[in-house]
Amino acid sequence: MADQDIEQAVARALEDAPPRNFRETVDLAINLRDLDLNDPSNRVDESVVLPSGTGQDTKIVVFAEGETAVRAEEVADEVLSSDDLEDLGDDSDAAKDLAGETDFFIAEASMMPDIGRYLGTVLGPRGKMPTPLQPDEDVVETVNRMMNTVQVRSGDRRTFHALVGTEEMSADDIADNIDVILRRLHADLEKGPLNIDTVYVKTTMGPAVEVA
């Protein structure tokens with residue numbers, strides 16, 4: 001259950017957002033302090049499962065063979081084989097297009113070396129290298145979990161953004177998502193909450209409201 005102050009900030013952000021002719025996302029803007037972000041070890045780079053989901057479609061592509069590929073077909077947007085992987089390695093434009101339109105990749109662990117070889121230069125810099133699927137893991141369960149996952153990544157910038165929902169979601173659900181992200185940051189940052197300067201929530205085109 002999120003802090004009431006977070007829920008009130010989200011409610012205000014939703015109320016103050018002028019109507020638009022498209023569905024707006026709700027984003028968290030996080031400002032860090034007292035961190036040397038030139039040192040990669042200080043940068044935020046987390047995959048966070050949102051308890052209330054993202055509120056929007058998440059495109060997931062799975063690299064798999066055999067039975068795993070068959071099961072993945074039930075839930076993934078696209079399932080690619082070893083042959084497809086080689087084809088992508090020979091077509092950098094197609095590989096870049098796929099990387100740009102896909103939120104998350106999952107791959108059988110046995111395929112990871114080939115993915116590194118054929119697609120590492122495309123997926124690596126974009127932070128899109130696949131999540132390895134171990135032999136004892138259920139691909140359906142993994143895909144379903146990642147549908148509710150967001151990347152929280154600062155890079156070398158003190159200010160960065162994270163998706164926490166859409167305007168159609170309730171303030172309560174969005175606040176729960178924010179709470180999970182803030183708890184993760186508090187746990188992972190060197191000085192916890194002291195490394196966070198300010199946090200704001202806003203819809204795509206709406207005004208920013210400070211989260212207390």
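**Briefing: two sheets and two nonpolar cores**

Valine 201 has valine 209, in β10, as its bridge partner. Valine 201 is also among the residues with the most contacts inside the largest nonpolar core. This is a predicted model. The protein contains 7 helices and 10 strands. Its radius of gyration is 19 Å, close to the 17 Å that the globule rule gives for 212 residues, so the protein is as compact as a globular protein of that length.

**Overall build**
- The C-alpha trace spans about 50 × 40 × 35 Å along its principal axes.
- Of the 212 residues, 44% are buried.
- Take the contacts between residues at least 6 apart in sequence: 76% of them join residues at least 24 apart.
- The accessible surface comes to about 10900 Å², and carbon and sulfur atoms account for 43% of it.

**The antiparallel sheet**
- One open sheet has 4 strands in the order β8-β1-β9-β10, with antiparallel pairing.
- Its edge strands are β8 (159-166) and β10 (209-210), and each of these pairs on one side only.
- Strands of a sheet pair through backbone hydrogen bonds, either parallel or antiparallel.
- β1 and β8 run antiparallel and are joined by 7 bridges. Within this pair, aspartate 27 has leucine 163 of β8 as its bridge partner.
- β9 (residues 196-203) and β10 are also antiparallel, joined by 2 bridges.
- In β8, 6 of the 8 residues are buried, so the strand is largely enclosed by the rest of the structure.

**Helices on the antiparallel sheet**
- Helix α1 (residues 4-16) lies across β1 (25-32), β9 and β10. It runs at about 40° to β9.
- Helix α7 (residues 171-188) packs on this sheet too, touching β1, β8 and β9. The direction of α7 makes about 145° with that of β8.

**The nonpolar cores**
- In soluble globular proteins, nonpolar side chains tend to be buried together.
- The largest nonpolar core here has 33 residues. Those with the most contacts inside it are Leu28, Leu32, Ile178, Ile181 and Val201.
- α1, β1, β7 (149-153), β8, α7 and β9 each supply at least two residues of this core.
- Helix α7 gives the most, with 7 residues.
- Isoleucine 178 touches Ile6, Val10, Leu28, Val164 and Val201, leaving aside residues up to four places away in sequence.
- Another core lies apart from the largest one. It has 16 residues, among them Leu85, Leu88, Leu98 and Val122.

**The parallel sheet**
- A second set of 4 strands forms an open sheet in the order β4-β3-β5-β6, with parallel pairing.
- The edges are β4 (78-80) and β6 (131-133), and each pairs on one side only.
- Neighbouring strands of this sheet are turned by 25° against each other on average, direction ignored.
- β5 (residues 104-108) and β6 run parallel, with 3 bridges joining them. Isoleucine 106 has threonine 131 of β6 as its bridge partner.

**Helices on the parallel sheet**
- Helix α3 (residues 82-89) lies across β3 (60-63) and β4. It runs at about 90° to β4.
- Helix α5 (residues 112-123) packs on the sheet and touches β3, β5 and β6. The direction of α5 makes about 160° with that of β5.

Notes:
Residues numbered from 1 in each chain as written. Predicted model: local features only at pLDDT ≥ 70, side-chain atom pairs only at ≥ 80, totals over all residues. Heavy atoms only, no water. Pairing = 2+ DSSP bridges. Contact = heavy atoms within 4.5 Å. Axes fitted to C-alpha atoms, helices over the stretch in contact; angles between N-to-C directions. Buried < 20%, exposed > 50% of the residue type's maximum accessible area, 1.4 Å probe, protein only. Rg over C-alpha atoms; globule rule 2.2 N^0.38 Å. Areas by Shrake-Rupley, 256 points an atom, 1.4 Å probe, with all protein chains shown as cover. Core = buried A, V, L, I, M, F, W, Y, C linked by side-chain atoms within 4.5 Å.
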